[in-house]
Amino acid sequence: MRYIRYLFMAVVGLSLILVALANRGMVTIRVLPEEMAAYLGQPLSYELPLFVVIFGGIIVGLLIGFVWEWLREHKHRADARLQKREKERLEREVKGLKRKSNEGKDEVLALLDDSAAAR
């Protein structure tokens, strides 16, 4: 399985290198439209290779998706945390009740009672 993973990573890496080599041309990225940049007096534009723009867009899209999903799943994580606390509280209560019901009994008999109750 490890070799398949290495093969997959090599294919992905090779395809990324080929895309980068095929898109080496320089492009101008403008942060603001020309009219607005002229109004502000700052022409915010950058010259970058096209593959940097492509890969940057992919990375930004992935980051936005991860943050969006993390925020969307917040209620599920909160509910799981609440259920975990409730489960731990109930386990403590069951242990206390078992201890109370087995008080004064022999330890071996108490263990046998617990295993019989679990069936």
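This is a dialogue about how to read several features of a predicted model.

Visitor: Before I look at single side chains, how many helices and strands does the protein chain have, and in which order do the elements run?

Guide: It helps to begin with the secondary structure and to follow it from the N terminus. In this predicted model, the protein chain has five helices and two strands, and its elements run α-β-α-β-α-α-α when read from the N terminus on.

Visitor: What share of the residues in the protein chain is buried, and what share of the accessible surface belongs to carbon and sulfur atoms?

Guide: Burial is judged from relative accessible area, with buried meaning under 20%. By that criterion, buried residues make up 4% of the 119 residues in the protein chain. The accessible surface comes to about 10,800 Å², and 67% of that surface belongs to carbon and sulfur atoms. As for contacts between residues at least 6 apart in sequence, 34% of them join residues at least 24 apart.

Visitor: Which residues does UniProt list for "transmembrane region", and what is the secondary structure over residues 48–71?

Guide: An annotation and a model are best read side by side, with the origin of each kept in view. The UniProt record, an unreviewed entry, lists residues 48–71 under "transmembrane region". In the model, the chain over residues 48–71 is 92% helix and 8% strand, and the C-alpha atoms at its ends are 33 Å apart.

Visitor: How many aromatic pairs are there, and are the rings of Phe51 and Phe55 stacked or edge-to-face?

Guide: Two numbers matter here, the separation of the ring centres and the angle between the ring planes; centres must lie within 6.5 Å, and planes over 60 degrees apart count as edge-to-face. The count comes to one aromatic pair. The ring centres of Phe51 and Phe55 are 6.2 Å apart and the planes stand at 65°, so this pair is edge-to-face. Both residues lie in helix 3 (residues 50–72), where they are four residues apart, about one turn of the helix. Phe51 counts as partly exposed because its relative accessibility is 23%, and Phe55 likewise counts as partly exposed, at 22%.

Visitor: Where does the charged end of Arg2 sit?

Guide: A charge over a ring is read from the position of the charged end relative to the ring centre. The charged end of Arg2 sits over the ring of Tyr3, 6.0 Å from the centre of that ring.

Visitor: How many salt bridges does the structure hold, and which residue forms a salt bridge with Arg30?

Guide: For each salt bridge, one reads the distance between nitrogen and oxygen and then the exposure of the two partners. The structure holds five salt bridges. In one of them Arg30 is joined to Glu34, with the closest N and O atoms 3.8 Å apart; Arg30 is partly exposed at 49% relative accessibility, whereas Glu34, at 53%, is exposed.

Visitor: What is the N to O distance between the side chains of Glu69 and Arg72, and how far apart are the two residues in helix 3?

Guide: Their side chains meet in a salt bridge at 2.5 Å, N to O, and the two residues are three residues apart in helix 3, about one turn of the helix. Glu69 is partly exposed at 28% relative accessibility, and Arg72 is partly exposed at 45%.

Visitor: Which residues are joined into one network by salt bridges that share partners?

Guide: One may start from a single bridge and then look for shared partners. The side chains of Glu93 and Arg89 meet in a salt bridge at 3.2 Å, N to O. These two residues are separated by about one helical turn because they are four residues apart in helix 4 (residues 74–101). Glu93 is partly exposed, with a relative accessible area of 41%, and Arg89 is partly exposed at 36%. Salt bridges with shared partners join Glu86, Arg89 and Glu93 into one network.

Visitor: Where is the place of Ser45, and with which residues is Ser45 in contact, leaving aside its neighbours within four places in sequence?

Guide: Ser45 lies in strand 2 (residues 45–49) and is partly exposed, with a relative accessible area of 37%. Once the neighbours within four places in sequence are left aside, Ser45 is in contact with Thr28, Ile29 and Arg30. The C-alpha atoms of Ser45 and Leu32 are separated by 7.9 Å, with the two residues 13 residues apart along the chain.

Definitions and conventions
Residues numbered from 1 in each chain as written. Predicted model: local features only at pLDDT ≥ 70, side-chain atom pairs only at ≥ 80, totals over all residues. Heavy atoms only, no water. Phe/Tyr/Trp six-rings, centres within 6.5 Å; stacked < 30°, edge-to-face > 60°. Buried < 20%, exposed > 50% of the residue type's maximum accessible area, 1.4 Å probe, protein only. Lys NZ or Arg CZ within 6 Å of the ring centre and 35° of its normal. UniProt positions renumbered as here; feature names shortened; annotations may be inferred. Contact = heavy atoms within 4.5 Å. Areas by Shrake-Rupley, 256 points an atom, 1.4 Å probe, with all protein chains shown as cover. Salt bridge = Lys/Arg side-chain N within 4 Å of Asp/Glu carboxyl O.
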